[in-house]
Amino acid sequence: MSARRHEQEDPDRYFTITGGRRDASLDLVALVVAEIGPLPGMTSEQVRILRLCRDHPVAVVELSAHLALPVSVVRILLRDMLADGRISVRHPVSAPEPEQLPDLETLKQVLVGLQNL
Amino acid sequence: MDSRISDPPAAATPLRGTAADGLKIVIVGGFGVGKTTMVGSVSEIRPLSTEEVMTRAGVGIDEPGAVPGKTTTTVAFDFGRITLNDRQVLYLFGAPGQQRFWFLWDQLFGGSLGAVVLVDTRRIEESWYAIDRLEHHGMPFVVAVNRFAERGPSLPKVRAALDLDERVPLVECDARLRESSKTVLIELVRYLTALHHRPAGEDER
Ligand SMILES: Nc1nc2c(ncn2[C@@H]2O[C@H](COP(=O)(O)OP(=O)(O)OP(=O)(O)O)[C@@H](O)[C@H]2O)c(=O)[nH]1
Ligand SMILES: [Mg+2]
């Protein structure tokens, strides 16, 4: 798997990128779409995010993998970009609530999708 | 199968422009049990890996001998995806079952449809903790036995060793085979559907 050794990395690196904030409101599989192109003055992470999701949606977790940044760091970057209108987010709509089952229509869609594999 | 080896980068296998609804299923199990293999055998992209990092101060569990201060806990996991239709895309996560991983469960895998517990019959006890935590989190799951050896305990013996409720599906699988992994996922979806029809009061979740 990953050859990266985050254990040995300085957590301050992430602190610098995010300004020390936390955010858990964006789901791993929320889908991100770029609303504008890269602009001068953006950080390199912002530019890379906008390039990755310029032509098609990209899930938060895929951005995390491509940027080689922990999920929590990517979430914070995305929240700022969302606030600035640089991206839009398509939140999951079929996820079950805690301790609830997925609804039957969702399960049917998943079953059909899997059977078509 | 061979095409996967020479796959272009994942960015070259983009989601459809209409994709709008991400779903999750988690595949959990001990070291080397076949999580990444299962994700890869059904995924439309080569499995990608990433991680979540959290400072120990925010972990909220006592670890004997943990040094107070600015240390971090890293949980690595990998994932793949299956486009279900124009709108929905199913993400499969391969997650470690060890204790130090579970404090991130809600944040990472809350909202999952359900879970697959992969079991290696040579190390059944490694699955106890994951099963316990899934029950605790109210996350429905099926159990898949990855056969590494020709011989091994029969499914009823595995069920007994896991102290598994008789209603929880327990199936054989070979995570290297797409059809086998696909069957396990379908088993999970059928089980979730069946749980809907369980009479009130019998639901253990
Ligand atoms: N015989 C057999 N071998 C398998 C099966 N699934 C995986 N393997 C092999 O077992 C080894 C480990 O599989 P991985 O998919 O890397 O296991 P993992 O759970 O992701 O491992 P870690 O991420 O290191 O914890 C690989 O060499 C696989 O080829 C299976 O169903 N049967
Ligand atoms: Mg793995």
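A polar contact is a pair of N or O atoms within 3.5 Å. Keep that cut-off at hand for these exercises on a predicted model.

**Exercise 1.** Find which atoms of B:Thr36, B:Ala175 and B:Val33 pair with oxygen atoms of ligand 1.

*Solution.*
- Step 1: start with B:Thr36, where a polar side-chain atom sits 2.7 Å from a ligand oxygen.
- Step 2: turn to B:Ala175, which places a backbone N or O atom 2.8 Å from an oxygen of ligand 1.
- Step 3: add B:Val33, whose polar backbone atom is 3.1 Å from an oxygen of the ligand.
- Step 4: check the cover: ligand 1 by itself exposes 650 Å², and the protein buries 68% of this.

**Exercise 2.** Describe the shell around ligand 1 by class and by element.

*Solution.*
- Step 1: the ligand is surrounded by 14 residues, with B:Lys35, B:Thr37 and B:Asn146 among the closest.
- Step 2: sort the shell into four nonpolar, six polar and four charged residues.
- Step 3: look for the largest share, which is the three residues from helix H1 (residues 35-42) of chain B.

**Exercise 3.** Characterise the contact between chain B and chain A.

*Solution.*
- Step 1: chain B brings 65 residues and chain A brings 49 residues.
- Step 2: about 4700 Å² is buried between the two chains, with 62% coming from carbon and sulfur atoms.
- Step 3: the interface holds three salt bridges; B:Glu52 and A:Arg75 form a salt bridge at 3.8 Å, N to O.
- Step 4: 16 residue pairs are in polar contact across the interface.
- Step 5: on the side of chain B that touches chain A, H5(B) gives the most, with ten residues.
- Step 6: that side divides into 30 nonpolar, 22 polar and 13 charged residues.

How values were computed
Residues are numbered from 1 along each chain as its sequence is written. Chains are lettered from A and ligands numbered from 1 in the order in which they are written. This is a predicted model: local features need pLDDT of at least 70, side-chain atom pairs count only at pLDDT 80 or more; totals for chains, interfaces and linings use all residues. Side-chain values use heavy atoms; hydrogens and water are left out. A residue is near a molecule or strand if one of its heavy atoms lies within 4 Å of it. A polar contact is a pair of N or O atoms within 3.5 Å; within protein, one must be able to donate a hydrogen and the other to accept it, and residues adjacent in sequence count only if both atoms are side-chain atoms. Accessible areas come from the Shrake-Rupley method with a 1.4 Å probe; for residues, only the protein chains shown count as cover. Helices (H or I, at least four residues) and strands (E, at least two) are DSSP runs, numbered from the N terminus. Ala, Val, Leu, Ile, Met, Phe, Trp, Tyr, Cys and Pro count as nonpolar, Asp, Glu, Lys and Arg as charged, and the others, Gly among them, as polar. Contact means heavy atoms within 4.5 Å. Buried area is the accessible area (1.4 Å probe) that two parts lose on being put together, summed over both. A salt bridge is a side-chain nitrogen of Lys or Arg within 4 Å of a carboxyl oxygen of Asp or Glu.
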